[in-house]
Amino acid sequence: MKNTFGSSFSVTLFGESHGEAIGAVLDGVKPGVALDLDKISASLRRRRGAAAFSTKRSEKDEFKIVSGFFEGKTTGTPLCILIPNTDTKSADYSKMKTVARPSHADYTAFLKYHGFEDYRGGGHFSGRITAALTAAGAVALQILEGCGVELGTHILSCGGVSDRHFENFSEDFSALGSRSIPVLDESAK
């Protein structure tokens, strides 16, 4: 499996959970697309753990676009989004270097990288990498919005609790953006 997916529009994910930074490179972004950086920040805030059962790691997910963006618009060159890692406690993992944790991709990483992987916090296989994927997705959504395409998703059913189906797409999409749990009928929480 490669770290790049897509062809005309591709995304390459890079970095490790306890490395200096994680990020994404988007290639195939047309020039002249105005990006709202606040929308990227809002997507990253929604991704962060906020419940008692989520990660104890607290990252602000502040990002920088270091290439492909100038004077508020894309340039057409690869767009590189960099997200520094700030809350790492790498010593916590030194005893786990040779032990594959249940429900983690430690053994998969060992097989793929032949023992040279960064094992701290799951390395490149950490859920932390989803921050870079979220930022890339927020850019892609803005590009699609510029083409008149709206996307939305919600939890329709989970554990025997059901939500309603979409009725008015624009209104429903807007309502979902402000909810901590993506359901249309708030009684389905």
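The following paragraphs describe the fold, the core, one strand residue and the salt bridges of a predicted model. Residues are numbered from 1 along each chain as its sequence is written, and side-chain values use heavy atoms, with hydrogens and water left out. Because the model is predicted, local features need pLDDT of at least 70 and side-chain atom pairs count only at pLDDT 80 or more, whereas totals for chains, interfaces and linings use all residues.

The chain holds 4 helices and 9 strands, where helices (H or I, at least four residues) and strands (E, at least two) are DSSP runs numbered from the N terminus. Read from the N terminus, these elements follow the order β-β-β-α-β-β-β-β-α-α-β-β-α. An open sheet is formed by 5 strands in the order β1-β2-β3-β7-β4, with antiparallel pairing, two strands being counted as paired if DSSP finds at least two bridges between them. At the edges of this sheet stand β1 (4–5) and β4 (64–67), each of which pairs on one side only. The pairing of β1 with β2 is antiparallel and extends over 2 bridges.

Of the 189 residues in the chain, 31% are buried; here buried means under 20% relative accessible area, exposed means over 50%, and partly exposed lies in between (1.4 Å probe, protein chains only). The accessible surface of the chain comes to about 11,800 Å², and 56% of this surface belongs to carbon and sulfur atoms, the areas being computed by the Shrake-Rupley method with a 1.4 Å probe and, for residues, with only the protein chains shown counting as cover. When contacts (heavy atoms within 4.5 Å) between residues at least 6 apart in sequence are considered, 57% of them join residues at least 24 apart.

In soluble globular proteins, nonpolar side chains tend to be buried together. In this model the largest nonpolar core has 23 residues, and those with the most contacts inside it are L26, I40, I81, I83 and V139; such a core is a set of buried Ala, Val, Leu, Ile, Met, Phe, Trp, Tyr and Cys residues joined through side-chain atoms within 4.5 Å. Two or more residues are given to this core by each of β2, β3 (21–27), α1, β7 (79–84) and α3, and α3 gives the most, with 7 residues. When residues up to four places away in sequence are not counted, L26 touches F9, S10, V11, P78, L79, I81, A136 and V139.

One of these partners of L26, V11, is found in strand β2 (residues 10–15) and counts as buried because its relative accessibility is 6%. Although V11 and L26 are 15 residues apart along the chain, their C-alpha atoms are separated by 4.6 Å. F5 stands opposite V11 in β2, and F5 is also among the residues that V11 contacts outside its neighbours within four places in sequence, the full set being N3, T4, F5, A24, V25, L26 and A136.

At the surface, L141, L144, V149 and L151 make a nonpolar patch of about 300 Å². Patches are made of residues with over 30% relative accessible area and no salt bridge, with like charges joined within 9 Å and nonpolar side chains (Val, Leu, Ile, Met, Phe, Trp, Tyr) joined within 5 Å. Within this patch, L151 lies in the loop between α3 (130–146) and β8 (157–158), and L151 counts as exposed because its relative accessibility is 54%.

A search of the whole structure finds 6 salt bridges, each being a side-chain nitrogen of Lys or Arg within 4 Å of a carboxyl oxygen of Asp or Glu. In the salt bridge between K39 and E145, the closest N and O atoms are 3.1 Å apart. This pair links distant parts of the chain, with K39 in helix α1 (residues 37–47) and E145 in helix α3, 106 residues apart. Both ends are partly exposed, K39 with a relative accessible area of 39% and E145 at 42% relative accessibility.

A further salt bridge joins R47 to D61, again with the closest N and O atoms 3.1 Å apart. Because R47 lies in helix α1 and D61 in the loop between α1 and β4, this pair ties together parts that are 14 residues apart in sequence. R47 is partly exposed at 27% relative accessibility, whereas D61 is buried at 4%. In the salt bridge between E167 and R164, the closest N and O atoms are 3.6 Å apart; E167 is exposed at 60% relative accessibility, and R164 is partly exposed, with a relative accessible area of 26%. Finally, R47, D61 and R128 are joined into one network by salt bridges that share partners.
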